[in-house]
Amino acid sequence: MAGTHFGFESVDERDKARRVRGVFDSVAPRYDLMNDLMSMGLHRAWKSYAVLVSGVREGQQVLDIAGGTGDLTRAFARKVGKSGRVVHTDINEAMLRTGRDRLLDAGVSLPTMVCDAEKLPFPDNHFDVVTVAFGLRNMTHKDIALKEMNRVLKPRGKLLVLEFSKVAKPLAKAYDWYSFNVLPRLGKLVAGDDASYRYLAESIRMHPSQEELKTLMKEGGFGHVDYHNMTGGIAALHVGIKC
Ligand SMILES: C[S@@+](CC[C@H](N)C(=O)[O-])C[C@H]1O[C@@H](n2cnc3c(N)ncnc32)[C@H](O)[C@@H]1O
C-alpha cells in the first residue's frame with residue numbers, strides 16, 4: 001500500500017481522495033464567503049492576475065480544472081466570448097453544483113462536468129489554456145495530473161497553476177500564527193467546520209515550493225515554466241508552456 005499525506009497526517013493513497021471529498025462536501029455552501037474572509041478579498045486579485053497572464057483570446061478553448069464554485073470559469077467565459085468555450089470541471093459534485101448555480105445566476109451557460117484531473121476525459125491537443133486554481137494541492141498524484149493537463153493542451157498551449165506557496169521569510173511567523181490560530185476558528189464560526197480549515201493550513205505546508213513545483217511541471221512535459229510570486233509568496237502563479 002502506497003502512502004501519501006492528508007495535511008500533516010500520513011494516509012493510504014487510496015484514502016486521500018475520499019478525505020478531500022469530505023472537506024469540500026462540508027465547505028461547499030460557505031466556500032465563497034470563507035474565501036473572501038480568509039484572504040480579505042485577495043484571492044480575487046490573484047485570480048484576475050492569472051486571467052491577465054493567460055493572454056486568452058476570443059474564440060479560444062479553455063479547461064478549468066478543480067473549478068469549484070467557478071470564479072475563474074466565469075472570468076474566462078467573458079474573455080473567450082460566444083465563439084469560444086470554457087469547460088467547468090471538478091471532482092466534487094457539491095462544489096460544481098454551487099458553481100453551476102452561481103454561473104447561471106450570472107447569466108453564464110457553459111458545460112459543467114464532474115471529472116478527476118488525474119484521468120481527464122478529453123482528447124489530446126484540445127485546449128488553448130488549462131487552469132487549476134487552488135486545486136493541485138489536493139490531488140493525490142500531482143505528477144499524473146500535470147501530465148494529463150499537458151496531454152489535453154494544444155502545442156504552445158498554456159497551463160496556469162494558481163496555488164498557495166512558500167511565503168517569504170519575514171512573513172513566515174505571522175502567517176503561521178494566522179493559519180493555525182485564526183483560520184480554524186473562522187472556519188468553525190462561519191462554516192461550522194474547523195477541521196477542514198486546519199487541513200487547508202496543513203496542506204499548504206505540505207505542498208511543493210515554487211521551485212519544486214516548477215521542476216514537477218517540467219517533468220510533466222512543460223518545456224518552459226515560469227512563476228510569479230504574489231503577496232510575498234502566499235500564492236504563486238506557475239505558467240507552463242507545452243513546447
Ligand atoms: C480550494 S478549491 C478551488 C476551487 C476554485 N478553483 C477556486 O479557486 O476557488 C479546490 C477544488 O479542487 C477540487 N479537487 C480536488 N481533487 C481533485 C481532482 N483530483 N480532480 C479535480 N478536482 C479536484 C476539489 O473538489 C475542490 O473543489
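Q: Which residue of β4 stands opposite Gln61?
A: Gln61 stands opposite Arg85 in β4. This is a predicted model, in which local features need pLDDT of at least 70 and side-chain atom pairs pLDDT 80 or more, whereas totals for chains, interfaces and linings use all residues. Residues are numbered from 1 along each chain as its sequence is written, and side-chain values use heavy atoms, without hydrogens and water.

Q: Why are β3 and β4 called paired?
A: Two strands (DSSP runs of E, at least two residues, numbered from the N terminus) pair if DSSP finds at least two bridges between them. Strand β3 (residues 61-65) and strand β4 (residues 85-90) share 4 bridges in the parallel sense; they therefore meet the definition.

Q: What makes β5 and β8 edge strands?
A: The open sheet of 7 strands has the order β5-β4-β3-β6-β7-β9-β8, with mixed pairing. Strands β5 (112-114) and β8 (224-230) each pair on one side only.

Q: Why do Lys47, Asp90 and Ala133 count as polar contacts of the ligand?
A: A polar contact is a pair of N or O atoms within 3.5 Å. A polar side-chain atom of Lys47 is 3.1 Å from a ligand oxygen, and one of Asp90 is 2.6 Å from a ligand oxygen. A polar backbone atom of Ala133 lies 2.9 Å from a ligand nitrogen. Each pair therefore satisfies the cut-off.

Q: What makes Asp90 a residue near the ligand?
A: A residue is near a molecule if one of its heavy atoms lies within 4 Å of it. Asp90 is among those of the 19 surrounding residues that come nearest, as are Tyr31, Ala66, Ala117 and Ala133.

Technical notes
Polar contact = N/O pair within 3.5 Å; in protein donor to acceptor, adjacent residues only side chain to side chain.
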